[in-house]
Amino acid sequence: MQRRNFLKLGLAGLLLGPTRLLAADGTQRLLSCCSDNARNHYLAMLDTDGNILMQLQLPARGHGISVDPQQRIAAVFARRPGTFVWLVDLSSGEVIHKLQAAAGRHYYGHGVFSPDGDTLLCSENAFESGDGVIGSYQRQDGWQRVGEFASHGIGPHEFRLLSDGETLVIANGGIRTHPDLPRIKSNLAQMRPNLAYVNRHDGRLLHRHEPPVHWHQLSIRHLDVSADDRVAIAMQYEGNPLQRPPLIALHQFDHRGDADLQLLQAPQQVQARLRNYCGSVRFSQDGARFAVSSPRGGLVTLWSSDGDYLGAHQQADVCGIAVQREGFVLSDGSGAQQRLTGLSQATLLSQDRQLHWDNHQLEV
Amino acid sequence: MYRPMIHRLTLAALSLLLSSRLIAYDFANIATSHIVPAYQQLAASTQALNQAAQAYCAQPAESSLQTLQDAHVQAFLAWQGAQHLRFGPIQYLSREHRLQLWPDKRGTVSKHLRVLLEDAALTQPDFDISAKSVAVQGFSALEQLLFAEQAPDGKRCTLLQAITANLQQIGSNLLHDWQDGDQAFARYFSAPAVDNPLFTSQRELAGQLLNSLHTQLEFIQTQKLGRPLGSGPERARGRRAEAWRSGASLAAIERNLQACRALYQVGFAGELPAELDTRIAQAFDAAIAQLQRIAPPLAQSVERPAQWQEIQQLQQQLNGLRELLARDLAQALDLSLGFNSLDGD
């Protein structure tokens with residue numbers, strides 16, 4: 001088993017060759033996790049036409065990807081309840097370090113580099129107590145885990161750094177799980193998700209915002225931050241499937257912390273088609289709008305950064321969203337990459353039916 | 001080189017055109033002839049199980065224990081006949097896991113059972129097992145109590161009656177949610193439409209059914225067979241089999257395969273080109289025939305090298321069947337199996 005993996009990795013290395021993966025002229029690349037029909041799992045790099053340049057086999061299914069601000073390293077996070085984070089050199093495609101979850105902790109699938117690229121923060125589950133934590137890993141210490149602080153909620157998932165470089169905004173999904181029973185959500189009746197603003201140095205809680213009490217089963221899972229610190233939020237509803245809660249929200253950080261979550265509703269017919277489940281959310285490059293994917297409804301909705309509904313694009317099993325100057329690149333479970341420009345002009349870039357693009361993708 | 005290519009493309013386009021004109025799933029029929037009967041069986045057999053538990057605990061005796069054990073296996077197999085239906089009311093309130101927690105890699109069921117048997121709350125009149133860990137609520141916990149070395153009595157009887165009452169409750173709630181009242185799930189299931197709040201299109205719902213079938217076959221292949229098989233005969237572990245205590249492992253898989261075949265038959269067979277239907281039907285039959293070559297109980301067979309090969313052979317056949325569904329059937333009916341949509345994060 002181990003030997004076979006090793007061989008495949010070796011092959012991946014050969015495929016790469018010595019060439020630089022990132023184009024010298026700064027042409028964009030896309031990074032995404034994917035799986036094939038035989039249930040092998042990879043990190044893939046694509047060019048902007050959707051052609052695969054590299055596939056690196058992972059030990060299990062990957063989830064989120066982060067790149068350091070200097071664009072030297074990509075971190076690929078295992079899907080929850082995962083135990084690995086791999087750091088990949090973006091110029092050679094080589095794995096430079098493999099982080100292993102600490103005792104009593106597993107990863108939730110997302111992370112953030114500090115502005116200097118020397119610290120990697122990962123959302124983690126301290127699963128015996130059920131507390132969400134942010135683990136801290138330092139380059140100077142050979143990417144050792146040097147500490148952790150509270151995420152100030154249960155089930156921290158995606159999180160980002162605000163423009164001050166100091167404040168994290170964390171989606172605490174509110175769902176308690178234990179790796180012994182990995183797919184069992186043990187606190188659905190009591191869940192209290194929140195959006196938490198936390199100082200990345202000392203873990204101090206600045207502010208915390210919850211959905212209204214009657215929507216306490218709205219799990220805040222994924223978010224993105226614009227250059228002016230607007231936070232766009234994509235949620236998943238764990239309650240009665242016949243109810244139609246809002247699934248998308250905006251929030252603007254302010255130091256007093258008195259702004260509430262701005263809950264957004266699409267027109268009724270569209271809202272119903274989101275199937276109470278949103279996957280990824282990303283702002284456009286100019287920050288004027290954002291896109292939210294709803295894989296169960298096969299829909300991507302587009303919103304202005306003030307929260308106005310703009311339109312929707314149909315694509316079965318769509319989830320990953322990368323951002324380009326021209327618009328968004330959307331990936332799906334049938335191996336397709338589509339480019340969406342404007343509100344509705346979609347172009348199929350590539351499709352490999354043997355591959356299933358996973359939940360998230362990222363441009364570098 | 002060029003001409004055959006065009007020819008093939010034309011054929012593909014033609015067959016897509018033809019198929020899109022002819023496909024008309026009858027979801028109402030799938031609900032009434034396949035799904036609801038499966039839940040009726042589960043409701044009836046869990047009720048019988050609960051009655052057998054009351055009878056045994058009122059007067060514990062070897063003969064009534066045997067009756068109770070049989071009732072357990074019957075209800076467990078009824079559940080196996082519905083396990084492939086991974087959508088709708090079974091997904092609410094963790095019902096699937098409350099019915100059965102398996103695989104249980106870290107012995108969670110035993111651990112929670114031990115704790116609960118020491119818990120004073122167990123003997124209080126207001127004890128409510130549905131508020132306890134999912135690990136102690138269903139068939140996995142019940143099997144441990146019923147097939148232990150010592151016949152259950154005292155607190156164990158209290159606990160096993162709580163479990164069987166809980167199973168009966170879940171079974172009857174599932175049936176109720178599928179068929180009763182204005183909000184019956186079968187009503188939504190039977191009529192996918194743009195204004196249907198749960199299923200917008202025939203294609204979406206057919207994709208979910210296909211995913212259910214595929215998931216179940218994969219579950220049998222990788223978990224029910226794969227876990228006890230290990231990586232070689234010397235690595236086989238009989239106690240990693242599902243339901244090894246009651247010896248119902250192979251019967252469970254047979255019930256699963258029959259149920260999958262029945263869903264395929266009522267849901268998809270009539271929509272496919274005859275040639276593909278024949279291949280899939282033969283693959284189902286071959287897998288079921290191969291299963292019958294394995295001597296029960298699975299937990300012992302898996303540790304015998306000759307039988308190990310037969311079990312691995314079944315695993316490979318299921319893999320082939322799975323590919324027929326995921327590739328050929330999905331392509332022929334233009335269905336998406338759903339990668340991001342059905343296994344969310």
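**Note on the two-chain model**

1. Right after helix 13 of chain B, B:Asp334 adopts a positive phi of about 50°. This is a predicted model, so please read every value below as computed from predicted coordinates. B:Asp334 is not a glycine. Most residues other than glycine have a negative phi. B:Asp334 sits in the segment that follows helix 13 of chain B. Is B:Asp334 buried, partly exposed or exposed? B:Asp334 has 13 C-beta neighbours inside 10 Å, so B:Asp334 counts as partly exposed.

2. Helix 13 of chain B deserves a look of its own. The helix covers residues 305–332, which is 28 residues. Does the length fit, and what span should we expect? At 1.5 Å a residue, helix 13 should span 40 Å. The C-alpha atoms at its two ends are 40 Å apart, so the expected and modelled spans agree. The helix also bends, by about 25°, at B:Leu324.

3. What does helix 13 of chain B pack against? Its buried residues include B:Trp308, B:Ile311, B:Leu314 and B:Leu318. Further along, B:Leu321, B:Arg322, B:Leu325, B:Leu329 and B:Ala330 are buried too. Note the arginine, B:Arg322, among these buried positions. The buried residues of helix 13 pack against helix 9 (202–229), helix 11 (274–292) and helix 12 (298–301) of chain B.

4. Chain B also has a cis peptide bond, between B:Pro296 and B:Pro297, with omega about -5°. B:Pro297 lies in the loop between helix 11 and helix 12 of chain B. Helix 11 and helix 12 are two of the packing partners of helix 13.

5. Confidence in chain B needs one caveat. The mean pLDDT of chain B is 92, and 93% of its residues reach 70 or more. Over residues 1–9 of chain B, however, pLDDT is below 50. That stretch has 0 contacts in the model beyond near neighbours in sequence. Where pLDDT is low, the predicted coordinates should not be read in detail.

6. Now chain A. The chain holds 2 helices and 28 strands. Its radius of gyration is 19 Å, close to the 21 Å from the globule rule for 364 residues, so chain A is as compact as a globular protein of that length. Along the principal axes, its C-alpha atoms fill a box of roughly 55 × 45 × 40 Å. Buried residues make up 49% of chain A. Among contacts in chain A with a separation of 6 or more, 47% join residues 24 or more positions apart.

7. Two loops of chain A have unusual backbone geometry to check. Most residues other than glycine have a negative phi, and most peptide bonds are trans. The peptide bond from A:Arg80 to A:Pro81 is cis, with omega near -10°. A:Pro81 is in the loop between strand 5 (73–78) and strand 6 (84–89). A:Asp229, not a glycine, has a positive phi of about 65°. A:Asp229 is in the loop between strand 16 (218–225) and strand 17 (230–237). With 16 other C-beta atoms within 10 Å, A:Asp229 is partly exposed.

8. Last, the interface. How many residues does each chain bring to the contact? Chain A gives 25 residues and chain B gives 18. On the chain A side, the elements that give two or more residues are helix 2 (268–273) and strand 28 (355–363). By class, that side has 10 nonpolar, 9 polar and 6 charged residues. The model scores ipTM 0.80 and pTM 0.87.

Note on methods: Residues numbered from 1 in each chain as written. Chains lettered and ligands numbered in written order. Predicted model: local features only at pLDDT ≥ 70, side-chain atom pairs only at ≥ 80, totals over all residues. Helix = DSSP H or I, 4+ residues; strand = E, 2+ residues; numbered from the N terminus. Rg over C-alpha atoms; globule rule 2.2 N^0.38 Å. Buried ≥ 20, exposed ≤ 12 C-beta atoms within 10 Å, placed from the backbone. Contact = placed C-beta atoms within 7 Å. Expected span 1.5 Å × (residues − 1). Bend = angle between axes of the 7 residues up to and from the residue. Nonpolar A, V, L, I, M, F, W, Y, C, P; charged D, E, K, R; others polar. pLDDT = per-residue confidence, 0-100.
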